[in-house]
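Open the model in your viewer and keep the selection panel at hand. The stops below go from one side chain to its surroundings, then to the cysteines, then to a sheet.

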Amino acid sequence: MVATIEEAVAGIGDGALLAVGGFGLCGVPQILIDGVLASGATDLAIASNNCGVDEAGLGVLLMAGRIRKMYSSYVGENKEFARQFLSGELEVELMPQGTLAEKLRAGGSGIAAFFTQAGVGTQIADGGLPRRYDGDGGVALASPPKEVREFSHGGTATEFVLEEAIVADYALVHALKADLYGNLVFNKAARNFNPLAAMAGKVCIVQAEEVVEPGELDPDQIHLPGVYVHRVLPVGADITKPIEKRTITAAGTAARDGGN
């Protein structure tokens, strides 16, 4: 366990590859992200489902010009992301959501690559998907073609595309509870990409709302074992949890977009 945000993010330097949990703004490790911002680290590559919004989540790093490349599956809620991508300031490797999840899981499981049907017959497999624009509407860097192989799958000859795993230098994760051994429990939808990001990091850093003694967590309720976790920062339950889209019912009750 670490006591300060500075201890938590120590070692994250320029050019690091980070795997970051969260989906939209649900389960986002905002305090750790803010710590990386304060550390001054730049030229970062980040694997995360999305890049937050303009002023929350990973958006704070994006707005500060700290991100060089994103590995993501959905980026549509961030105007600054679109501006940087189209202007050639940001490199983006888009992929199917399940492929991103499996890339992270494989990275944490010692699996170098895997074959999947997702993306076969598209630019994901064939190449040519824009990764960086030149700022004038042209493509400065496009994705290369990937290996496609035919397998007998359920008795049917089926094409699969080869995808390589992601192994990050550091993982940033939000958890509801942790014990002193690093075993983690996530809260409902905030589980999302957090366990997968944690697995993919060579060093996994967790912000936890509550830290308990070993034995206080029911073993059957643990979502991620402590073998993947290296640092835990207690942050308390009263941290700010932004709402990405607020919906008001006819009765006037605010509905949230998932639990943190």
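Which backbone oxygen lies 3.4 Å from a polar atom of the side chain of Asn78? In this predicted model, that oxygen belongs to Val53.

**Stop 1: Asn78**

Select Asn78 and show its side chain. Asn78 sits in the loop that runs between strand S3 (67-72) and helix H4 (79-87). Now add Glu80: its backbone nitrogen is 3.1 Å from a polar side-chain atom of Asn78. The side chain of Asn78 therefore has polar partners within 3.5 Å in the backbone of Val53 and in the backbone of Glu80.

Is Asn78 buried or exposed? Asn78 counts as buried because its relative accessibility is 3%, and the cut-off for buried is under 20%.

Next, select what surrounds Asn78. Setting aside neighbours within four places in sequence, the residues in contact with Asn78 are Cys51, Gly52, Val53, Asp54, Gly59 and Leu62.

**Stop 2: the cysteines**

Cys51, one of the contacts of Asn78, leads to the next selection. Show Cys51 together with Cys26 and draw a distance between the two sulfur atoms.

How many disulfides are there? The count is 0. The cysteine sulfur closest to that of Cys26 is in Cys51, and at 17 Å it is too far for a bond, since a disulfide needs the sulfur atoms within 2.5 Å. Seen from the other end, Cys51 is likewise in no disulfide, with the sulfur of Cys26 as its nearest cysteine sulfur, 17 Å away.

Colour both residues by accessibility. Cys26 is buried at a relative accessible area of 3%, and Cys51 is buried at 2%.

**Stop 3: the sheet**

Switch to a cartoon view and select strands S5, S9 and S8. These 3 strands make up an open sheet in the order S5-S9-S8, with antiparallel pairing. Strand S5 (113-116) and strand S8 (148-153) are the edge strands, each pairing on one side only. On average, neighbouring strands here are turned by 40° against each other, direction ignored.

Zoom in on S5 and strand S9 (residues 156-164), which pair in the antiparallel sense over 4 bridges. To find a matched position, select Ala113; opposite stands Glu164 in S9.

**Stop 4: the helix across the sheet**

Last, add helix H5 (residues 97-108). Which strands does H5 lie across? H5 lies across S5 and S9, and runs at about 155° to S5.

Conventions
Residues numbered from 1 in each chain as written. Predicted model: local features only at pLDDT ≥ 70, side-chain atom pairs only at ≥ 80, totals over all residues. Heavy atoms only, no water. Buried < 20%, exposed > 50% of the residue type's maximum accessible area, 1.4 Å probe, protein only. Pairing = 2+ DSSP bridges. Helix = DSSP H or I, 4+ residues; strand = E, 2+ residues; numbered from the N terminus. Axes fitted to C-alpha atoms, helices over the stretch in contact; angles between N-to-C directions. Contact = heavy atoms within 4.5 Å. Polar contact = N/O pair within 3.5 Å; in protein donor to acceptor, adjacent residues only side chain to side chain.
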